[in-house]
Amino acid sequence: MRRCSTPSRPPSYPTKSGTNSAPPPPTPHFASLSAPLSTRARALLSLSLSMLAPSTATATATTTCLLLRRPAAAIRGLPLHSLLLSRRRPRHRCAVDASSAAAASGGGGAAKEPPRTLFPGGFKRPEIQVPALVLRVGVDEALGSGDSVAAAVARGVGIVVLEAGEEGGGRAYEAARALKAAVGDRAYLLIAERVDVASAVGASGVVLADDGIPAIVARSMMMKSNSDSIYLPLVARTIRSSDSARSATSSEGADFLIVNTGTADFSRVFSGAGAQHVKIPVFFTLNDLQSEGSFSDTTSKLFQSGASGIVLSLAGIQHLTDNIIERDFLKVDTTDRVPQVTYSSANALEETNNVMVLTREKTKVAGFTKLDEKVMQLIATEKPILSEAVDVIRKAAPMMEEAELLVDAASRLSEPFLLVIVGEFNSGKSTFINALLGRKYLQEGVVPTTNEITLLSYSEVDSESIERCERHPDGQFTCYLSAPILKEMNLVDTPGTNVILQRQQRLTEEYVPRADLILFVLSSDRPLTESEVGFLQYVQQWKKKVVFVLNKLDLYRNSDELEEATAFIKENARKLLNTEDVTLFPVSSRSALEVKLSYSNNNDREHHGEVLLSDPRWRSSKFYDLEHYLLSFLDGSTDNGKERVRLKLETPIGIADRLLTSCQRLVKLEYEKAIDDLTSIRDLVSGANSYALKIEADSNSWQKQISSLIERAKSRAITLMESTLQLSNIDLIFTYMLTGEKGPSAKATSFVQNDILSPALDDAADLLSEYSKWLSSSNTREANLYLECFHERWNSLVSQEESGSSDRTELVNEGEKLSIKALDGFSATAAAKVFEEEIREVATGTFGGLGVAGLSASLLTSVLTTTLEDLLALALCSAGGFLAISNFPGRRKLAVEKVSKAADELSRKVNEAIQKDISQSASQLVQFVDTASKPYQEACQRKIDWLQGVQGELSAVERKLQTLKIDIQNLHGS
Ligand SMILES: Nc1nc2c(ncn2[C@@H]2O[C@H](COP(=O)(O)OP(=O)(O)OP(=O)(O)O)[C@@H](O)[C@H]2O)c(=O)[nH]1
């Protein structure tokens with residue numbers, strides 16, 4: 001029998017969180033579904049995943065909520081205020097439904113892989129909103145003060161830390177569970193020093209002690225134990241010194257730090273030289289005994305001097321007034337205040353003597369400083385089409401977080417050209433950027449040095465003193481520098497593509513679609529490694545223009561080696577990027593930087609280029625060609641300059657293209673699924689028609705029981721009649737004729753009535769009543785199965801009111817059943833009377849006119865026992881009476897037949913009533929199922945219509961984008 005299994009919901013529709021591991025209800029008997037849903041759902045889901053995921057990613061159906069709204073990464077690059085205003089946004093975790101996951105995996109124990117999105121790294125980084133209010137809770141408090149914790153979260157606490165380090169596992173686990181229940185998804189729950197407990201309760205992460213296990217180990221332990229989650233676990237570390245802060249922030253990979261030493265120690269912790277390298281948020285634990293006034297001062301001071309949040313106990317939170325919370329943690333005034341700490345970049349910090357810059361860059365440099373009319377027009381045309389695309393993408397796939405990429409890219413249309421520098425760690429990305437800018441703005445090093453994305457933007461004020469870096473809540477840095485090239489070109493330094501931390505891999509992946517041009521830095525000592533090939537394939541999916549830089553040219557011993565390497569790279573890049581046009585610049589960034597730095601004090605700007613060219617080190621670095629190429633991008637009169645405009649305009653179109661294609665496929669799948677759903681519902685409804693057959697088959701045993709009951713009564717009555725109407729009973733018959741009812745036949749009549757008919761009728765009535773109940777309950781059960789099936793499979797389509805409107809009372813009116821009424825016209829007394837009359841009829845019809853005086857029938861019959869002998873004897877006794885008596889057996893037979901017929905008639909009536917009941921019940925059920933299915937059918941139809949509309953909108957906006965693309969291509973041709 002097919003089961004009414006829960007279908008896995010498509011990714012673009014929100015699902016209810018929570019699990020339902022109850023077994024699926026049985027299916028109505030004739031539910032004929034076109035395919036078992038578990039298989040179908042799995043196919044659907046993996047299709048949509050593989051469609052969304054790059055080809056290198058393996059998509060598996062492990063979760064129904066693959067694409068969640070607005071992760072930190074997706075909003076990186078959005079205006080700051082929009083990041084901060086999203087503060088109270090509830091965090092979505094992927095609630096993997098146990099049953100749907102099981103269904104999706106075919107019910108077997110198939111190995112689950114992390115779900116993927118458009119980014120091959122696949123995982124999402126949780127957002128940490130700053131300034132953050134962190135609550136630390138002890139085990140006792142957690143077990144007893146759930147309400148206070150919930151209240152604190154409602155007031156603005158974003159992170160709750162359970163201090164479970166000292167506790168035994170059992171209590172720590174119970175406390176963590178209690179906190180999890182109190183906090184829900186409204187804040188992050190982190191467990192201090194207990195990765196096992198954090199994993200067991202599905203907490204958001206852990207806080208490690210200063211000397212605890214490495215962050216990467218903790219993170220991977222948590223990821224292993226919660227392999228369904230698409231979020232990277234948060235790992236924080238408590239620190240006591242700036243040195244440990246520095247190590248925690250660099251290669252270690254912690255997400256934020258907690259300073260546990262109290263307010264007074266803040267400056268001490270952050271006074272060391274290492275503090276300048278702390279690139280992740282730092283939260284300070286505040287002493288609870290502060291009065292309100294001092295709290296107010298303290299929080300302000302902490303934020304001004306670089307803290308990103310404060311940590312308080314439950315008691316401490318109570319001292320914090322709503323005003324302070326509102327002022328420092330919730331309300332963000334984006335006009336005149338920088339709520340994040342602003343870090344100076346490495347060099348600038350030294351130069352400015354740790355002075356924090358609290359004014360924010362307000363004036364951005366336009367992307368195209370010399371925009372011609374046509375470009376302006378194109379931008380004006382493009383923006384509304386992009387916003388239309390965003391609307392329709394959000395409509396078609398509300399959970400597709402990647403829509404934010406498009407929003408971001410569209411908002412950057414008027415901003416500077418975005419050159420994103422990618423490459424494996426240590427390939428020389430930072431050195432290349434420094435060489436291009438002519439100053440050591442970025443750190444370089446042999447160990448991975450770039451943990452975060454750094455966006456280099458132009459600072460309008462031409463003074464080095466205000467060069468600085470701002471850290472955004474999700475870790476991205478924006479550095480404002482005065483390098484002229486940044487006026488029209490923003491540079492992005494990314495973490496290496498082969499870093500061990502998934503978080504950084506993802507950071508880089510997310511920047512690829514936004515890039516207007518990608519500079520792929522390869523290292524001469526290992527050109528085109530496996531991971532570089534993988535990353536290039538990913539880049540190719542976004543159809544980005546890539547320029548290769550073969551760095552560390554100085555490592556080659558001769559030109560043959562260089563030629564061999566360039567040929568190798570070009571040949572492979574051609575294949576990988578599917579283009580003939582591969583641009584590759586072999587350079588030595590380090591030499592170039594050294595040369596530039598050696599002339600940095602040369603004030604003769606005018607002849608700077610000539611001076612450099614005269615230096616053989618500069619010439620051998622070959623940096624000039626690359627620099628010239630990039631600068632030509634900034635010159636609108638050159639081919640590269642024109643291409644720059646095209647690339648810039650095409651960046652959001654490329655993203656839109658890809659997202660729209662994904663949406664088209666999703667919507668198509670949704671559409672096909674909706675059609676399938678509608679067909680399945682209709683199949684179920686028509687399957688109800690077969691219910692009559694099934695119920696008839698099931699009614700057979702009832703019918704047989706009742707028939708055999710009647711049959712038994714009949715045969716007993718007939719036996720009685722036959723034994724009464726024997727000539728051997730002729731005395732009795734005569735007596736009966738003479739004395740009427742008082743004779744011996746009255747005995748037979750009462751026997752028929754009391755011993756045969758009445759009990760048989762009672763039994764039959766009981767049986768029919770039971771049958772009627774059975775019929776009703778069978779109907780109700782069947783109806784319920786249908787309801788459950790509709791509810792189970794298509795619950796998400798209809799509202800509760802709509803689905804609950806079917807009335808089941810119609811199905812249970814067993815009092816109305818015809819089979820019960822079938823016995824109504826049949827009374828035992830009346831039947832016995834008829835029985836008696838039949839005997840009388842036989843007797844009078846046979847002997848009434850005979851008048852045989854002197855014949856001793858009893859004498860004859862005492863010796864003659866059979867009917868034949870009776871007749872013979874009578875014939876012998878009276879030739880005159882022979883004729884009359886010879887009719888006796890015939891009359892007796894007729895009487896018996898009459899009784900038999902009456903019984904058969906009763907049996908037929910009962911069977912007929914049963915049949916009518918069956919067909920009535922079946923049609924009631926069909927009617928019921930039809931009515932119950934209506935809301936679902938209508939909802940499916942609505943969805944089909946809606947999806948058709950969305951398909952139309954998607955196609956319309958795609959067409960507009962195609963036209964726009966042609967216009968952009970023709971921009972400089974006409
Ligand atoms: N020989 C040689 N070494 C170079 C050159 N460019 C950079 N390096 C060295 O390569 C190492 C890594 O340079 P970085 O610029 O930090 O490399 P990166 O790609 O930014 O590294 P991550 O930020 O960790 O991804 C440093 O020791 C540089 O001095 C070069 O042209 N020649």
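The buried residues of helix α25 in this predicted model are Phe623, Leu626, Glu627, Tyr629, Leu630, Ser632, Phe633 and Leu634. The helix itself covers residues 623-634, 12 residues in all. From the first C-alpha to the last, α25 reaches 17 Å, close to the 16 Å expected at 1.5 Å a residue. An α-helix has 3.6 residues a turn, so residues three or four places apart point the same way. With this in mind, the reader may follow Phe623, Leu626 and Leu630 along the helix, each of them among the buried residues.

A second element to examine is strand β7, which comprises residues 282-285. Both of its faces are covered: Val282 and Phe284 are buried on one side, and Phe283 and Thr285 are buried on the other.

Strand β7 also has partners. It pairs with strand β6, residues 256-259, in the parallel sense over 3 bridges; here Ile258 stands opposite Phe283 of β7. Strand β8, residues 309-313, likewise runs parallel to β7 and is joined to it by 3 bridges. In that pairing, Val311 of β8 is the bridge partner of Thr285.

The confidence of the prediction remains to be considered. The chain averages a pLDDT of 71, and 64% of the residues score at least 70. Over residues 5-117, however, the pLDDT is below 50, although this stretch has 271 contacts in the model beyond near neighbours in sequence. Residues 850-869 also stay under 50, and the model has 23 contacts for them beyond four places in sequence. For the complex, the predictor gives an ipTM of 0.98 and a pTM of 0.57.

Key
Residues numbered from 1 in each chain as written. Predicted model: local features only at pLDDT ≥ 70, side-chain atom pairs only at ≥ 80, totals over all residues. Heavy atoms only, no water. Helix = DSSP H or I, 4+ residues; strand = E, 2+ residues; numbered from the N terminus. Expected span 1.5 Å × (residues − 1). Buried < 20%, exposed > 50% of the residue type's maximum accessible area, 1.4 Å probe, protein only. Pairing = 2+ DSSP bridges. pLDDT = per-residue confidence, 0-100. Contact = heavy atoms within 4.5 Å.
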